[in-house]
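Student: I am new to this structure. Please take me through a single part of it, closely and step by step.

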Amino acid sequence: MKTKWKQLGILALCIVLLFTSACDRTGQKETEQNSEAESQGSSGDQDRAQALADGKYEIEVTLSGGSGRATVDSPCELTVSGGQMTARIEWSSPNYDYMLVDGEKYLPVNTEGNSVFEIPVAVLDEEIPVAADTTAMSKPHEVEYTLMFHSAAEGEAVQSESSLEENKTEGSDVLLGSPQISSELTYTGSIPLTYAKEFRVDEYAGGYRLLTTRNEKRILLIPEEGKAPDDLPEDVQVLQQPVTDIYIAASAVMDFFAGLYDDLSCIRYSSLTEESWGIEEAKEAMEEGRIKYAGKYSAPDYEQLLSGGCKLAVENTMIFHSPEIKEQLEALGIPVMIDYSSYETHPLGRVEWVKLYGALLSREEEAEAIFEEQEEILKRVTEEISAQTEPSTVAFFYINASGGVNVRRSTDYVPEMIALAGGSYIPESTGKDSDGRASVNMQMEAFYQQAKDADYLIYNSTIEGEVHSLQELCDKDEVLKDFKAVKEGRVFCTTGDLYQRSLSAGVFIEDVHKMLTGKKDLRFMYPLS
């Protein structure tokens, strides 16, 4: 009997051991699965951060939660470094003394003005829970919010202008240096420039042209039957004319090419898709397959460019956030030219870049005619406003996704165009700041104080889309109904293609002048009623 009970005890012990072992294996498997899931989640977040090259960007951010009265500036500055994202968040109040993100406390980075924090961003396009402590009430109170950082329509953030200032140096030796680059070339002169300061075109006997832009390799254009000199400096790239099969990775330059080539036959590749173009000639060429999409500027299709015989890539300064792309293109034998037209301070300085592209495409006469047309428009407007007395005040703005108001700094080229048209830009207290940005965000209350008595309002539709009535505009913020220009029916909206039309600065100046003088037939604006 004792033997029987002993055997039953041993059997029971074996069952317990087997059950315990199975539980341990199950628990270990679950732990491994959870660990793998966490690892994959962390890797996914890191992949999202690595989708943006190191640098500074402007990115839209949406705040929700709390009482609904607080807002944050949007777009905000997003810094990417080593795959990690950090956002600079500015609140609509100076009363926030700390923020909590993922259990970590972050203190303000400023001592004056609205509270500003620099916080980590784990992921884009998903809600991130945060908390902020406000001292505006009778006692400090921690409020829960969510932030969502939105990637752009094509999956990339908009580059911050401030992050590009390091690439611009005043008085570049390259622009001021000697054009004598080879003993085999005879310098004959330079194309005269009236307003532009960011490029030069030097001419040599036999049809040779040297294109120089700030801080970049120079490009020597070799005439169709010519050959390159043997003693060129290392910083000079060689490009044989005619220049065809061009890859356009800078949207603002398409208008230059459209002005010089009606059919855009010199361009074969685009970094924008068909629906992203406001230039009808480009849209039509892509619809017909004459221009093909070859990837974003930050991820070009190298194989397609090489197999198609791409001769030149035209980039804007956003390429500085992906320097490896520029290096790879040049390593593959595709010269890269950087467009600095956005750095010109005078509106017609931007237009004058058509002379550089005219030299590139052997269309100097056409380029000169295009520039002279815009210059004549400016002269005509200047003559008409000479007899005017007190200029009318004009506010140029848009309302962002967070309800804040975005205005151009008073030192930007848009206020300059308004002044050339005979107007006076407001708000005036938006001069160039240390961040170097062309625009600034403010709360509606601040905008109301400075612009409520403006004679005219121009709504900038190129960022948030067009509006077609005063009611649609006022639906964005009821406070607008109290603005003088709204009450008196002097509100206009820009067309969506304004910023892609680089050759039309003179036309826009004339549009503003027509608005101020009650004339009709505007090209880049329409009245709201």
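Student: To set the scene, what percentage of the 529 residues in the chain do buried residues make up? Then please look closely at helix α6.

Tutor: Buried residues make up 49% of the 529 residues in the chain. Buried means under 20% relative accessible area, exposed means over 50%, and partly exposed lies in between, with a 1.4 Å probe and protein chains only. This is a predicted model, in which local features need pLDDT of at least 70, side-chain atom pairs count only at pLDDT 80 or more, and totals for chains, interfaces and linings use all residues. Residues are numbered from 1 along each chain as its sequence is written, and side-chain values use heavy atoms, with hydrogens and water left out.

The chain has 15 helices and 26 strands. Helices (H or I, at least four residues) and strands (E, at least two) are DSSP runs, numbered from the N terminus. Contact means heavy atoms within 4.5 Å. Of the contacts with a separation of 6 or more, 61% are between residues 24 or more positions apart.

Now to α6. This helix covers residues 323–331. Its buried residues are I325, K326 and L329. Seen down the axis of α6, they fall within an arc of 100 degrees, so they line one face of the helix. The arc is that of the directions from the helix axis to the C-beta atoms. A general rule helps here. An α-helix has 3.6 residues a turn, so residues three or four places apart point the same way.

What lies on the other side? The face turned away from the buried side of α6 carries the exposed residues E327 and A331. The cover over the buried residues of α6 includes α5 (302–307), β18 (312–315) and β19 (336–338).

Take K326 next. K326 sits in helix α6. Its relative accessibility is 15%, so K326 counts as buried. Leave aside its neighbours within four places in sequence, and K326 is in contact with E216, I319, V336 and I338. One of these, V336, is ten residues from K326 along the chain. The C-alpha atoms of K326 and V336 are separated by 6.8 Å.

Finally, look at the end of the helix. Just after α6 comes G333, which takes a positive phi of about 90 degrees.

To recap, α6 has I325, K326 and L329 buried. E327 and A331 are exposed on the face turned away from them.
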